Each structure stands twice: as C-alpha cells, then as structure tokens.
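Got your viewer open? Let's take a walk through this model, one selection at a time.

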Amino acid sequence: MLTPDQERRAAGNLKVAVFHDNFAQNGGAELVAEELHRVLKARFPTTQMFSTLSAEERLSPYLRTEDIHNTWMQWLPARAKLFRAYFLFYPFAVDRVDLSEFDLIVTSCFGYAKGVRRRQNALHICYCHTPMRWVWRTQDYLSREKNSFIKKALLHFPLRWLKSWELRAAANPDIYIANSSVVAERLFQAFGVHATVIPPPIDTARFAPPAGKPINDAEDFYLVLSRLVPYKRFDLAVQACTKSNRRLVVIGDGPDRARLEAMAGPTITFLGRASNEDVCDHARRCRALLFPGEEDFGITPLEINAAGRPVIAYRAGGATETVVEGVNGTFFDRPDVDALIEALDHFETRVWDGAAIRQHAQGYDRSVFEERITSFVENAWAKLIAVEADDKVLENT
C-alpha cells in the first residue's frame, strides 16, 4: 500500500525547484533559467526559484515578479559588480542549500548549481550550459585580460581546488541536458556523462518585424549585441570595421568596453545597455550581426535571425550548429581581423532572404523549447516512478 506521499508522487503532483547559479547578469543562461521556471510552473504550479545571489537591477521583468530564494551570498557587498570575484564562495553556498522537500530539482548550471543536494528519492535534472569555463579553459578566459600571466599564477591553486569540487559535484545530477552538441561533448570529456541536447529558447515574437515593414529592409551598419568581455573577441569586430571603414554599432556593456573603445575608429558607435525597443530596432535594421567569439550555444545569432537578419560568425562552438552557410549567415575560419574582413567582403556580394532566415529561427522558438522540456521531464519522472514500483514489488515478494 502506497503512503500519501508516494500516491502524490505517482500522480505527478510534484514539488519542483529550479536552481540557477546566480542572477547577477542578464545573458543567455539567465533566459534559459527563466524559461525553465516558466515552463515547469505552468505544469507544476508550486514550482519555486532558487539561486546563490540575485542583483535586482539585472533581473528581467518576469523574474522581478517571482520570489527568488537566495543563499547567504545575497548579503555580500556590491554583488552586482563583484559576483565573479566571489567565485570561491559559491561551492560553500551551494553545499548549504536544502532542497530536501522537493521531488524534482532542475538546475540551470554554468558552474555551481549541479552541486545542490536532494533527498534520495528525488530526481535531479541538470541543464548544463558548459563545464566551468574558467576552470577547464582558463587560458581562453584570461588570455586577453590585463596581467593575465599574474592572474593565472595567482589562480592556479584556487582553480585546482574548484576543479576538484566540480568533479565531485558533477556526480549529483541524475540526468544531464546540454544546450548544444559541443557542450554535450565537453560534458562527456570532463565528467564522463551523457547529455541529451535541447537548444535554448528564442523569443521569436519579440524580434518580429512590425506589420507592413519589409523584412529585407536593412541599413548600412553591422551590429554587436552582448556583454563586453574579452573571451567573446569583439576586438576582432571593432578592428575589422575600423580597418575597412564599415559602420558598427555596439550594444552592451562590460569590463572590456574601455579597451574596445580605445581601439575603435570613427565608424564605431558604442550605445552601452539599451532598452528592449532599441535592441529590437537595431536587430531589424542591421546588415548582419558580427559574432566573432566561440560560444557554448549563442542565443543572440538566432534572435537576430528572428528579425530576418543574417549572422557573420567564427566557425566554432555552438554557431556551427545554428548557422547554416548561405541560409541564415556565413562563417570566417580564423580568429583574426583579416579573416573577418574577407568574410564581410564575401557577405556583401550575396543576397539574403529575410523570410527564410526568420523561418530558420522559428525552429528554436520558446514553444518548441516548452514542448521538448515538458516531454523530457515527464518521461524522466515516469521512468523513476516505474523503477520505484518495481522496487516495491521486489520488497513484497
């Protein structure tokens, strides 16, 4: 005979927690965490959101309406500015999180969330954006920062400890989801785990051209839209457009902005953080998005595609899975200025079909993500319940 708790679980009336590493910035991982919460809350109305810390000024309108349960790290000073500097605190904060009341834990993880613990009969699904980049790819992360050699020497032992912690934490999830095949391969190489690939959601409606406006109506400027950090290689975009006298509009802010502005010529415009309306307006009017870094997935290229505009991307990382040569964008093969200029020259000889580009992006729409996540979670839970039922039969024989 089942206990009331077992009956509730068997009926699929689950207590669900979504845990995201931190809400101190507003990028692709945060969009995924938000959508995971939205999807699961629609299916399980009592779903709760957790994180290590949140910077209210960086939260999306949706997250501002939700009650985010943060750890003691929420009380650290200047968390919106120093959240990266607190990198050694996160493991201790995550280890203190108590999610024992929940049946299903879904973590959105680019570093730490996979380490949360749960009770024995709960299910932990980890949507992993990447293994910790600063641990596994330290050279890529620091190589273009000031005093990178000194920083790398100072971080050697802390990062060794953090890598050891992550290897232990990686054993906590029962199931992994990766945002791309590239990341799925990294997860296997780092942790020996197999992951199902479910690409992040794109809000294609947000970038839809206004009614009656031609989708192919582009203006003479290229676009960068991102947090400005060194590993994203926006120095290539700034230098290439400066050298070739092309207009470039840079939307976004971050620690690399001053360096980029110092190398920029008169054809480069920095707008800093922009409103949703300005972002969508520039996305619809640009000739193309420049995407010169290697990303784990890369939501922004597909958002620009949703506006009917193509992408010029470095052939690496997640872009190789979402950019189809000649359909929604083109590639350059070397991470240097001349290769990007060659790609720009080639791009400008081609005619692009805005409607076909937007149709490609719709294959990654939020509705597609919702269907895939809902089906994945329900199937994973059904398998767990089936195993529990088999174990119960064995106990009674």
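Start by selecting threonine 130. Once you skip its neighbours within four places in sequence, threonine 130 is in contact with Cys109, Phe110, Val183, Arg186 and Asp296. Keep in mind that you're looking at a predicted model. Zoom out a little and you'll find threonine 130 in the loop between β5 (123-128) and α6 (133-136). Is threonine 130 buried or exposed? Its relative accessibility is 4%, and buried means under 20%, so threonine 130 counts as buried. Now show side chains: the one on threonine 130 makes a polar contact with the side chain of arginine 186, at 3.1 Å.

Next stop, the aromatic rings. A pair of rings is described by the distance of the centres and the angle of the planes. The count here comes to eleven aromatic pairs. Select phenylalanine 50 and phenylalanine 102 to see one of them: the ring centres are 5.5 Å apart and the planes sit at 85°, so this pair is edge-to-face. Where do the two partners sit? Phenylalanine 50 belongs to strand β2 (residues 48-51), while phenylalanine 102 is in the loop between α5 (90-95) and β4 (104-109), so the pair ties together parts that are 52 residues apart in sequence. Both phenylalanine 50 and phenylalanine 102 are buried.

Now pick tyrosine 86 and phenylalanine 89. Their ring centres are 5.5 Å apart and their planes are at 15°, so this pair is stacked. Tyrosine 86 counts as buried, at 12% relative accessibility, whereas phenylalanine 89 counts as partly exposed, at 35%. Add Trp72 to your selection, and you have a cluster of Trp72, Tyr86 and Phe89 linked by ring pairs.

One more ring to visit: select tyrosine 62 together with arginine 38. Arginine 38 lies over the face of tyrosine 62, at 4.3 Å from the ring centre.

Time to head for the largest nonpolar core, which has 42 residues. Which members touch the most others? Select Leu99, Tyr112, Trp134, Leu162 and Leu187 to see them. Elements giving two or more residues to this core include β1 (16-20), α8 (148-169) and β6 (175-178). Colour α9 too, since you'll want to spot it: α9 gives the most to this core, with five residues.

Stay on leucine 99 for a moment. Not counting residues up to four places away in sequence, leucine 99 touches Ala17, Phe50, Ile105, Val116, Arg117 and Arg118. For your last selection, try Leu14, Ile198, Tyr364 and Leu384: they are among the 35 residues of another core, which lies apart from the largest one.

Note on methods: Residues numbered from 1 in each chain as written. Predicted model: local features only at pLDDT ≥ 70, side-chain atom pairs only at ≥ 80, totals over all residues. Heavy atoms only, no water. Helix = DSSP H or I, 4+ residues; strand = E, 2+ residues; numbered from the N terminus. Buried < 20%, exposed > 50% of the residue type's maximum accessible area, 1.4 Å probe, protein only. Polar contact = N/O pair within 3.5 Å; in protein donor to acceptor, adjacent residues only side chain to side chain. Contact = heavy atoms within 4.5 Å. Phe/Tyr/Trp six-rings, centres within 6.5 Å; stacked < 30°, edge-to-face > 60°. Lys NZ or Arg CZ within 6 Å of the ring centre and 35° of its normal. Core = buried A, V, L, I, M, F, W, Y, C linked by side-chain atoms within 4.5 Å.
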